[in-house]
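Please open the structure in a viewer and keep the selection tool at hand. The stops below are taken in turn, each with a selection and a description of what is found there.

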Amino acid sequence: MELLTVTRTDPACDWERELVWRMSQARPEDTVRGVFFNGTLGAVRRLGDAEAVQCCLLAADEEGFVDFFQYPVRSLLRMLYFAAGSLGPVLGGVEAVLRDLGRQIITTYLASPVGRATAVLVHGRPRRMLESAPDIYRQMLGFGELSVSFTGPSQGRLMLRGDYLPAACHEGALAHLLHAMGGRGVKVERQWVKGLDGEYAFSWE
């Protein structure tokens, strides 16, 4: 299996307090596509059990999700809160679980008709996928802003502004996206996170 390296540079945070704070900042009009929920449920199903999946649905107050329908981001954050708290103690910690949830979200997106079409358009190339990332972000999330700058042929930085999702989710998602597009020796390093903003350095071979 390809090794995806994710390096944390900040000290561990109080994840419960952070997620509650992020939920408090989210507005009713801030939405994400159902693919984020289905990806999270897929990861919980793989990492946990059927009971955990049902508890996640209860946390989100939904019976199910359609990939490209819009749902409140608060519901997703409640689901992440439950999944992280219940699976973290037995699966290497909350950060590890959140990174895995991020990876599964990307897997679910790339398996969808829209994700498959996007992969074809970028010819499965990591750089072209990242060049398309700001547009994909605007299609998938009803808040925030994503930008990408390159510092070399296969390295650069990804910047997020006004984004509610935990940093570890973004680390897992970015690393898996690069790997899925054929990147080898993928590395993602959290540079800084402040409130709803953050920056991540990435590279691949």
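Select T118 and display its surroundings: not counting residues up to four places away in sequence, T118 touches Y109, M129 and I136, where contact means heavy atoms within 4.5 Å. T118 lies in helix α6, residues 113-121; helices (H or I, at least four residues) and strands (E, at least two) are DSSP runs, numbered from the N terminus. T118 counts as buried because its relative accessibility is 12%. Buried means under 20% relative accessible area, exposed over 50%, and partly exposed in between, with a 1.4 Å probe and protein chains only.

The model is predicted: local features need pLDDT of at least 70, side-chain atom pairs count only at pLDDT 80 or more, and totals for chains, interfaces and linings use all residues. Residues are numbered from 1 along each chain as its sequence is written, and side-chain values use heavy atoms, with hydrogens and water left out.

**The loop after α6**

Move next to H123, which is found in the loop between α6 and α7 (126-140). Is H123 buried or exposed? H123 counts as exposed, at 52% relative accessibility. Its backbone also merits inspection: phi of H123 is near 60°, a positive value in a residue other than glycine.

**Helix α3 and its two sides**

Select residues 50-60, which form helix α3, and colour A52, V53, C56, L57 and A60, the buried residues of this helix. Seen down the axis of α3, these buried residues fall within an arc of 145°, so they line one face of the helix; the arc is that of the directions from the helix axis to the C-beta atoms. An α-helix has 3.6 residues a turn, so residues three or four places apart point the same way.

What covers the buried residues of α3? The cover includes α2 (34-47) and α4 (73-87). Display both helices together with α3, then turn the view to the other side. The face of α3 turned away from its buried side carries the exposed residues E51 and L58.

Continue past the end of the helix to D61, which follows α3. D61 is found in the loop between α3 and β3 (70-72). Its phi is positive, about 60°, although D61 is not a glycine. With a relative accessible area of 62%, D61 is exposed.

**Strand β2 and its surroundings**

Now select V32, in strand β2 (residues 31-33). V32 is buried, with a relative accessible area of 1%. Which residues does V32 contact, leaving aside its neighbours within four places in sequence? They are F37, F69, Q70, Y71, V73, L76, M140, L141 and F143. Draw a distance from V32 to P72: the two residues are 40 apart along the chain, and their C-alpha atoms are separated by 6.4 Å.

**Strand β6**

Keep P72 selected and add V193, which is found in strand β6 (residues 187-194). The C-alpha atoms of V193 and P72 are separated by 23 Å, and the residues lie 121 apart along the chain. V193 counts as partly exposed, at 29% relative accessibility.

**Inside helix α8**

Select G172, placed in helix α8 (residues 167-180). G172 counts as buried, at 0% relative accessibility. Leaving aside its neighbours within four places in sequence, G172 is in contact with R99, G102 and R103. Add D100 to the selection: G172 and D100 are 72 residues apart in sequence and 6.1 Å apart in space, C-alpha to C-alpha.

**The whole chain**

Finally, clear the selection and view the entire chain, whose secondary structure comes to 8 helices and 7 strands. The C-alpha atoms fill a box of roughly 45 × 40 × 35 Å, taken along the principal axes. The radius of gyration is 16 Å, which agrees with the value near 17 Å for a compact globule of 205 residues; this radius is taken over C-alpha atoms, and the globule rule is 2.2 Å times the number of residues to the power 0.38.

Of the 205 residues, 46% count as buried. Among contacts between residues at least 6 apart in sequence, 69% join residues at least 24 apart. The chain exposes about 9,800 Å², of which carbon and sulfur atoms supply 54%; accessible areas come from the Shrake-Rupley method with a 1.4 Å probe, and for residues only the protein chains shown count as cover.
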